[in-house]
Amino acid sequence: VSSKIEEKKEAQKQYKEAKADGKKASILSQERPNIFSQAIANIMPNDSIRIRIKYVEPIKYEDGEFEFRLPLAITPRFGEESSEISISKGVQRTSSIVADKAKINPVYAPREIDNGRGIAININLDSGIEIKKVSASHPISKTKINESTMTINLKNERIIADQDFIFKYKIEKKDEPQIITFTSEMDGEEYYMIQAIPPKPKKDKNKIPKEMTFVIDISGSMTGNNIMYAKSALLEALNVLEKDDYFNIIPFNSGFSMYQNSPIIASKENIEDGKDYISNLSASGGTYALPALEWAMNEPQKDNTMKMIVFITDGGVGYEDTVFQSIDNNLGNARIFPIAIGSAPNSFLLEKIAQLSRGTHTYIKNNNDIFSEMSNLLNKINQPILSDIKITLDKNADYYPNPIKDLYLNEPLVIFGKSDKIN
């Protein structure tokens with residue numbers, strides 16, 4: 001049985017009618033762009049059910065390495081109660097109640113109940129460029145077909161769905177840019193993906209002073225290893241600030257507080273005092289991220305600095321649309337760099353924040369990732385940014401993202417689109 005896409009109300013109507021008539025029926029519903037639920041009606045005893053879902057997703061590239069993340073677990077999402085928010089400019093906002101909170105917080109099976117056979121994963125990789133190395137979050141085996149193609153399987157055949165599966169592969173970096181183009185055709189229209197891999201970076205001694213505000217999640221969902229990872233990441237970030245940079249720290253849970261009323265110079269004494277402040281942070285309470293982010297976006301900016309907000313969280317919120325609207329209203333000239341903490345962060349929220357704010361996102365799964373991932377992020381932030389990028393295509397072509405996002409150190413230019421004819 002092949003499914004078809006309908007408007008949500010119409011799809012639910014058709015499913016309920018088929019269910020009431022005793023027919024086998026199923027419905028796939030999108031609760032969030034990264035959370036889907038599947039309902040199946042009228043399953044007979046001893047029936048075998050197979051559900052096949054196809055989707056397309058761009059994978060992350062940074063510094064010669066591609067990363068594919070397959071979500072296998074859901075971090076519980078916090079939903080705000082109705083409340084008012086005050087920001088530094090005196091504007092009052094009413095935060096939204098998450099009406100579908102139950103749909104994005106599924107019931108978890110008790111540990112004593114067998115959760116089935118687990119998950120099998122098989123990957124057919126065609127990179128278009130010579131593959132240098134592959135790795136994963138779980139043990140894998142690989143079969144090389146040629147320089148740019150291989151198959152990958154789980155070494156243990158199946159894994160338990162208690163954390164995300166992460167697959168990475170590295171390519172050889174060149175002195176010149178590498179261009180990859182993939183095309184496909186459907187219903188008389190041609191689709192394409194253009195990916196430009198940057199060359200090896202050249203050293204640049206010209207650095208713009210930064211105003212860095214670190215917004216850190218200390219809510220109850222961060223209890224345990226996550227708060228330890230978040231604090232370690234923040235301490236690492238303070239270590240590499242330049243003497244002409246500025247910084248501030250804003251922790252949040254059910255409310256938020258500030259290390260300073262506005263960013264202060266990154267002197268040796270101030271950095272040591274900031275480290276003491278971080279060391280005393282502990283996790284508890286709800287995840288009211290929005291007031292802290294709004295305060296950071298509305299902080300007065302120092303002259304001749306680049307305003308950057310580092311947002312450290314597991315993304316355990318259910319009011320994503322409200323966060324996106326707030327960024328649209330308050331961002332100004334700032335850029336936000338989300339750092340996702342833990343084994344199953346809310347990837348959609350954090351990647352979308354980076355996209356809307358012309359920033360870039362980073363994942364820290366465990367203690368081993370902290371130094372390397374924070375070094376990559378801070379090296380990227382310290383390099384000049386290429387912005388206002390334009391591309392000239394056929395007049396009938398449509399492409400995404402539009403406008404094209406800013407480019408940072410070791411990141412590629414990726415464009416998806418369609419045209420009547422691709423030459």
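## Loops, helix packing and nonpolar cores

Arg358 is partly exposed, its relative accessible area being 25%; this class lies between buried, under 20%, and exposed, over 50% (1.4 Å probe, protein chains only). The model is predicted, with local features requiring pLDDT of at least 70 and side-chain atom pairs pLDDT 80 or more, whereas totals for chains, interfaces and linings use all residues. Residues are numbered from 1 along each chain as its sequence is written, and side-chain values use heavy atoms, without hydrogens and water.

Arg358 has a positive phi although it is not glycine, and it belongs to the loop that joins helix 6 (347-356) to strand 19 (362-364). Helices (H or I, at least four residues) and strands (E, at least two) are DSSP runs numbered from the N terminus. Glu157, another non-glycine residue with positive phi, is exposed because its relative accessibility is 62%.

| Residue | Phi | Relative accessibility | Loop between |
|---|---|---|---|
| Glu157 | near 70° | 62% | strand 10 (149-154) and strand 11 (165-171) |
| Arg358 | near 65° | 25% | helix 6 (347-356) and strand 19 (362-364) |

Helix 4 (residues 289-298) and helix 5 (residues 320-330) have axes that come within 10 Å and cross at roughly 15°. Helix 4 is therefore roughly parallel to helix 5, a class for angles under 35 degrees. Their crossing is right-handed, the near helix being turned clockwise from the far one by less than a right angle. In the contact (heavy atoms within 4.5 Å), helix 4 contributes Leu290, Leu293, Glu294, Met297 and Asn298, and helix 5 contributes Thr322, Val323, Ser326, Ile327 and Asn330. Five of the residues in this contact are nonpolar, four are polar and one is charged.

A nonpolar core is a set of buried Ala, Val, Leu, Ile, Met, Phe, Trp, Tyr and Cys residues joined through side-chain atoms within 4.5 Å. The largest one has 35 residues, of which Phe247 and Met374 touch the most other members. At least two residues of this core come from each of strand 14 (210-217), helix 2 (225-239), strand 15 (246-252), helix 3 (268-279), strand 17 (306-313), strand 18 (335-341) and helix 7 (370-382). Helix 2 supplies the largest share, seven residues. Leaving aside residues up to four places away in sequence, Met374 touches Ala233, Glu236, Ala237, Ile339, Ile364 and Asp369. Another core, of 26 residues, lies apart from the largest one and includes Tyr319, Val323, Ile336 and Leu350. Val323 is also one of the helix 5 residues that meet helix 4.

Definitions and conventions
Axes fitted to C-alpha atoms, helices over the stretch in contact; angles between N-to-C directions. Parallel < 35°, antiparallel > 145°, perpendicular 65-115°, else oblique. Nonpolar A, V, L, I, M, F, W, Y, C, P; charged D, E, K, R; others polar.
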